[in-house]
Amino acid sequence: MIIRSRPPDPTGTAVSLSPPAVRAEGLTVVRGTRTVLHGLDFTVPRGQITGLLGPSGCGKSTLMRATVGTQAKVGGTLEVLGLPAGDAALRSRIGYVTQAPSVYDDLTVRQNLDYFAAILDPGRAAAERRHADVTRVIADVDLTSRADALAGNLSGGQRSRVSLAVALLGAPELLVLDEPTVGLDPVLRRDLWNLFHSIAEERGTTLLISSHVMDEAERCHRLLLMREGGILADDTPEALRERTGSDTVEAAFLHLVDEAVAAAREPAPTTAGKSPDAQPPATGPDSREETAR
Ligand SMILES: Nc1ncnc2c1ncn2[C@@H]1O[C@H](COP(=O)(O)OP(=O)(O)OP(=O)(O)O)[C@@H](O)[C@H]1O
């Protein structure tokens, strides 16, 4: 189990010895015949919660799939915990929750977790450790009282939390959560965000969490704001609000969209900037776009 007692250092100085949790340079992804991520540059610092926000279809899930190594046709540089994304050594170090809960309906909550724990940490010798890990993650997601209920008899929100519990097994260093709070009531959403913060602060885990609910942005340490397959901003919520003179991250986002649209209307500068609207055509002759991992 990897538990880091050192709290995240907002200056980044104390963690500078380890590579960032995620480092992307010129990250490009092609899905079908379309380029859906256009040469992204960003880093995700360790031990913090980074929110990945943007409208539906902007590429959040694609970026997450690339990060966990399940996306084909990924070009450019993408390093995760210092290794190339998709490296086999990363499998036990990353927890990933997709948008659709992936649990067996005909097994109880505990049986689901026992099953996944046995894959992650097999063998009789590990039985006691597995039992403790399963009990811990069920408590983490507040499902102890439903541990013996069939997953198929749980509510949608409870099933999502079983998926989250699976991702927490083994205490991964990086948790990638694709819209974990979608469809949850406000109380559960608040409780889950409290859990995310305690995981980051007490265990030093890095969380990359997508959402298209802008009020969740305020709960993150850092934000990657996305639009149309590009990164519109990479900053803290406070800095974004300050920079744009906005009261909320949502207003800051809209301000940045307006800026990007206005910039795209201006005559092309000599070199393209980082704005997605200033990128060359998605199907340009960059050979990296066709490189499958
Ligand atoms: N299997 C696929 N084949 C081709 N294109 C796809 C596929 N899946 C997604 N896309 C396209 O890739 C782009 C990015 O999709 P993605 O699912 O990453 O967006 P998203 O920001 O996660 O959206 P949402 O918030 O609705 O989940 C979209 O334009 C989408 O149409």
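This passage describes the confidence, the two sheets and the ligand surroundings of a predicted model.

The predictor assigns the complex an ipTM of 0.97 and a pTM of 0.84. Over the protein, pLDDT averages 86, and 85% of the residues score at least 70. Among the elements of the protein, strand β1 (residues 22–31) has the highest mean pLDDT, 98, and α7 the lowest, 89. Two stretches stay under a pLDDT of 50. One of them is residues 1–15, for which the model has 18 contacts beyond four places in sequence. Another is residues 272–293, with 42 such contacts beyond four places in sequence.

One open sheet consists of four strands in the order β2-β1-β4-β5, with antiparallel pairing. The edges are taken by β2 (34–44) and β5 (83–84), each of which has a single partner strand, so one side of each is left without a neighbour in the sheet. Within this sheet, six bridges join β1 to strand β4 (residues 74–80) in the antiparallel sense. V22 stands opposite V80 in β4. Helix α1 lies across β1, β2 and β4, and runs at about 115° to β1.

A further open sheet is formed by six strands in the order β6-β7-β8-β3-β9-β10, and its pairing is mixed. Its edge strands are β6 (94–97) and β10, each pairing on one side only. From one strand to the next, the twist averages 15°.

In this order, β9 stands between β3 and β10. With strand β3 (residues 49–53), β9 pairs in the parallel sense over four bridges. G51 stands opposite L223 in β9, and the bridge partner of L53 in β9 is L225. On the β10 side, the pairing is antiparallel: five bridges join β9 to strand β10 (residues 230–235). L225 stands opposite A233 in β10. L225 of β9 thus appears in both pairings, with L53 and with A233. The hairpin of β9 and β10 has two residues between the strands, and E228 there takes a positive phi near 50°.

The surroundings of β9 were also examined. Six of the six residues of strand β9 (residues 222–227) are buried, so the strand is largely enclosed by the rest of the structure. R222, L224 and M226 point one way from β9, whereas L223, L225 and R227 point the other way; all are buried. The buried residues of β9 therefore include R222 and R227 as well as leucines and a methionine, and burial applies to both directions in which its residues point. Helix α7 (residues 249–265) lies across β9 and β10 and runs at about 45° to β9.

The ligand is surrounded by R31, G32, V36, G54, S56, G57, C58, G59, K60, S61, T62 and H212. By class, this shell has eight polar, two nonpolar and two charged residues. Helix α1 (residues 60–68) gives the most to the shell, with three residues. Helix α1 is also the helix that lies across β1, β2 and β4 of the four-stranded sheet.

Terms used: Residues are numbered from 1 along each chain as its sequence is written. This is a predicted model: local features need pLDDT of at least 70, side-chain atom pairs count only at pLDDT 80 or more; totals for chains, interfaces and linings use all residues. A residue is near a molecule or strand if its C-beta atom, placed from the backbone, lies within 6 Å of it. Ala, Val, Leu, Ile, Met, Phe, Trp, Tyr, Cys and Pro count as nonpolar, Asp, Glu, Lys and Arg as charged, and the others, Gly among them, as polar. A residue is buried if 20 or more other C-beta atoms lie within 10 Å of its own, exposed if 12 or fewer, and partly exposed in between; C-beta atoms are placed from the backbone. Two strands pair if DSSP finds at least two bridges between them. Axes are lines fitted to C-alpha atoms, for helices over the stretch in contact, and angles run from 0 to 180 degrees between N-to-C directions. Two residues are in contact if their C-beta atoms, placed from the backbone, lie within 7 Å. pLDDT is the predictor's confidence in each residue, from 0 to 100.
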